[in-house]
Amino acid sequence: MTYLLRRNLARLLRTGPLHDWGATQAARVDWVSGACLLARRAVFSQIGGLDEAMFMYFEDNDWCLRSRQAGWEVWREPAGRVVHLGGQSLKQNRRAPAAYYASLRTFYQRHYGPLDRLALALLLRLLPAADA
């Protein structure tokens, strides 16, 4: 829940970006974007691939969490460069917000307990697009 709270508080309070896109050193992180994910074959053999029940959103968060739970580390490497125009699906596809929230709910169902899921449900009631 911490990530979502930080993300939504940053958005509500307009405190700036959540991610440090100007990082210059490799660092261990909770997750990396599936838009550019490089992993050892052994990780895929051990935990499987991306979960297709989370279409387009949160499958990378889920995969990184499962890999960490299996004992692997997740790192970001700022020397690698990829151009990913994040958020474009939300702008161009009116079904994308529903997919986003469905995947978020699935992610929470799989990884968090009842109190966290209740907190998420209450938070989502505050967002007009979340009931789509």
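This is a short report on a predicted model of one chain, with most of the attention on helix α5 and what sits around it.

**The overall layout**

Let's start with the whole chain. There are six helices and two strands here, and if you walk along the sequence they come in the order α-β-α-α-β-α-α-α. Of the 132 residues in the chain, 27% are buried. Contacts also reach across the sequence: take those between residues at least 6 apart, and 68% of them join residues at least 24 apart.

**Helix α5 and its partner α6**

Helix α5 covers residues 96-111. With its 16 residues, α5 spans 22 Å from first C-alpha to last, close to the 22 Å expected at 1.5 Å a residue. A good number of its side chains are tucked away: A96, P97, A99, Y100, Y101, S103, L104, F107 and Y108 are buried.

Helix α6, residues 114-125, packs against α5 at an angle of about 160°, and the two axes are 9 Å apart. Because that angle is over 145 degrees, the pair counts as roughly antiparallel. As for handedness, α5 and α6 make a right-handed crossing.

Who does the touching? On the α5 side the contact uses Y101, L104, R105, Y108 and Q109, while α6 brings D116, R117, L120 and L124. Sorted by class, that contact comes to five nonpolar, one polar and three charged residues. Y101, L104 and Y108 turn up in this contact and are also among the buried residues of α5.

**Two buried residues up close**

Two residues deserve a closer look, one in α5 and one in α3.

| Residue | Helix | Relative accessibility |
|---|---|---|
| N61 | α3 (residues 59-69) | 10% |
| Y101 | α5 | 12% |

Why do they count as buried? The cut-off is under 20% relative accessible area, so N61 at 10% qualifies, and so does Y101 at 12%.

What does N61 touch, leaving aside its neighbours within four places in sequence? The answer is W31 and F107. F107 is one of the buried residues of α5, and N61 belongs to α3, so this contact links those two helices.

Y101 has a story of its own. Y101 takes part in the contact with α6, and there is also Y57 to consider: Y101 and Y57 are separated by 44 residues in sequence, yet their C-alpha atoms are 8.4 Å apart in space.

How values were computed. Residues numbered from 1 in each chain as written. Predicted model: local features only at pLDDT ≥ 70, side-chain atom pairs only at ≥ 80, totals over all residues. Heavy atoms only, no water. Axes fitted to C-alpha atoms, helices over the stretch in contact; angles between N-to-C directions. Helix = DSSP H or I, 4+ residues; strand = E, 2+ residues; numbered from the N terminus. Parallel < 35°, antiparallel > 145°, perpendicular 65-115°, else oblique. Left-handed = near helix turned anticlockwise from the far one by under 90°. Contact = heavy atoms within 4.5 Å. Nonpolar A, V, L, I, M, F, W, Y, C, P; charged D, E, K, R; others polar. Expected span 1.5 Å × (residues − 1). Buried < 20%, exposed > 50% of the residue type's maximum accessible area, 1.4 Å probe, protein only.
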